[in-house]
Amino acid sequence: MSTLADNLSAISARIASAAQAVGRDPASVQLLAVSKTKPASAIREIHAAGVRDFGENYLQEALTKQQALSDLPLIWHFIGPIQSNKTKAIAEHFDWVHSVDRLKIAQRLSEQRPAGLAPLNICLQVNVSGEDSKSGCTPADLPALAKAVAALPNLRLRGLMAIPKPTEDRATQEAAFASLRKLQEGLGFGLDTLSMGMSHDLEAAIAQGATWVRIGTALFGARDYGNT
């Protein structure tokens with residue numbers, strides 16, 4: 001087995017163990033392979049091992065890889081901050097967007113989604129830790145934003161996403177993820193998606209209801225940002 005396949009096996013085991021520890025079906029937690037800065041060849045290898053969902057932060061890099069991998073039935077997720085001048089390409093080339101935090105961006109994605117494609121799956125990013133450096137709407141602004149996005153014609157509001165402040169304390173990790181879950185439960189839109197948890201805190205996220213865990217480093221290894 002290759003290193004990537006070994007890594008995938010180890011991550012899958014962590015996901016299954018974390019789910020079983022809280023009485024959840026491991027199949028209720030999906031792996032989103034965060035492939036930013038990684039070559040198309042690594043995505044191809046991980047896909048051959050059974051992964052089909054890949055998350056990208058950088059639009060131009062993602063478009064290049066999508067072209068190189070167009071022979072594979074991959075599902076592409078945009079998970080990075082979104083500038084207005086990037087919405088058209090995102091609307092045209094992605095299946096999911098996890099990082100919508102402003103109505104203007106959602107409106108542009110809806111307007112620019114090609115008519116022949118299914119509605120774009122949307123998660124609203126919430127700044128649950130209140131960090132100035134983090135993207136995401138405030139919890140106070142979330143209900144109005146969710147209501148407006150849910151009404152847009154070419155989008156499908158699926159749930160919420162968060163990137164809490166990093167910590168190694170399990171209780172603090174779970175508290176942040178629990179806050180996102182409770183925000184979603186309070187919205188009342190029949191949402192089915194909680195995109196939360198990464199390589200260092202996936203167990204805490206799964207304990208609090210994560211349906212997508214976004215795994216990069218533990219799957220692909222350390223990133224080399226010199227090539228971006």
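Select W96 and W212: both residues are buried, a term that denotes under 20% relative accessible area, with exposed meaning over 50% and partly exposed in between, for a 1.4 Å probe and protein chains only. The model is predicted, so local features need pLDDT of at least 70 and side-chain atom pairs count only at pLDDT 80 or more, while totals for chains, interfaces and linings use all residues. Residues are numbered from 1 along each chain as its sequence is written, and side-chain values use heavy atoms, leaving out hydrogens and water.

**Aromatic pairs**

Keep W96 and W212 in view. Their rings form an edge-to-face aromatic pair, 5.7 Å centre to centre with 75° between the planes. Rings of Phe, Tyr and Trp (its six-membered ring) pair if their centres lie within 6.5 Å; planes under 30 degrees apart are stacked, over 60 edge-to-face, and the rest tilted. W96 belongs to strand β4 (residues 96-100) and W212 to strand β8 (residues 212-215), so the pair links parts of the chain 116 residues apart. Helices (H or I, at least four residues) and strands (E, at least two) are DSSP runs, numbered from the N terminus.

The count of aromatic pairs is three. Next, select F54 and W76, a tilted pair at 6.2 Å centre to centre and 45° between the planes. This pair also links distant parts of the chain, with F54 in strand β2 (residues 53-56) and W76 in strand β3 (residues 75-78). Both F54 and W76 are buried.

**Nonpolar cores**

A nonpolar core is a set of buried Ala, Val, Leu, Ile, Met, Phe, Trp, Tyr and Cys residues joined through side-chain atoms within 4.5 Å. Which residues of the largest core touch the most other members? Select F54, V97, L109, I122 and L124, out of 62 residues in that core. Helix α1 (residues 3-21) supplies the largest share of this core, six residues.

Now centre the view on I122. Among the residues in contact with I122, meaning heavy atoms within 4.5 Å, are V97, V100, L109, V149 and L155, not counting residues up to four places away in sequence.

A second, separate core has eight residues, including V34, I79, W96 and W212.

**Cysteines**

Finally, select C123 and C137. Why is there no bond between the sulfur of C123 and its closest cysteine sulfur? The closest one, in C137, is 12 Å away, too far for a bond, since a disulfide requires cysteine sulfur atoms within 2.5 Å. The count of disulfides is zero. C123 counts as buried at 0% relative accessibility, and C137 counts as buried at 6%.
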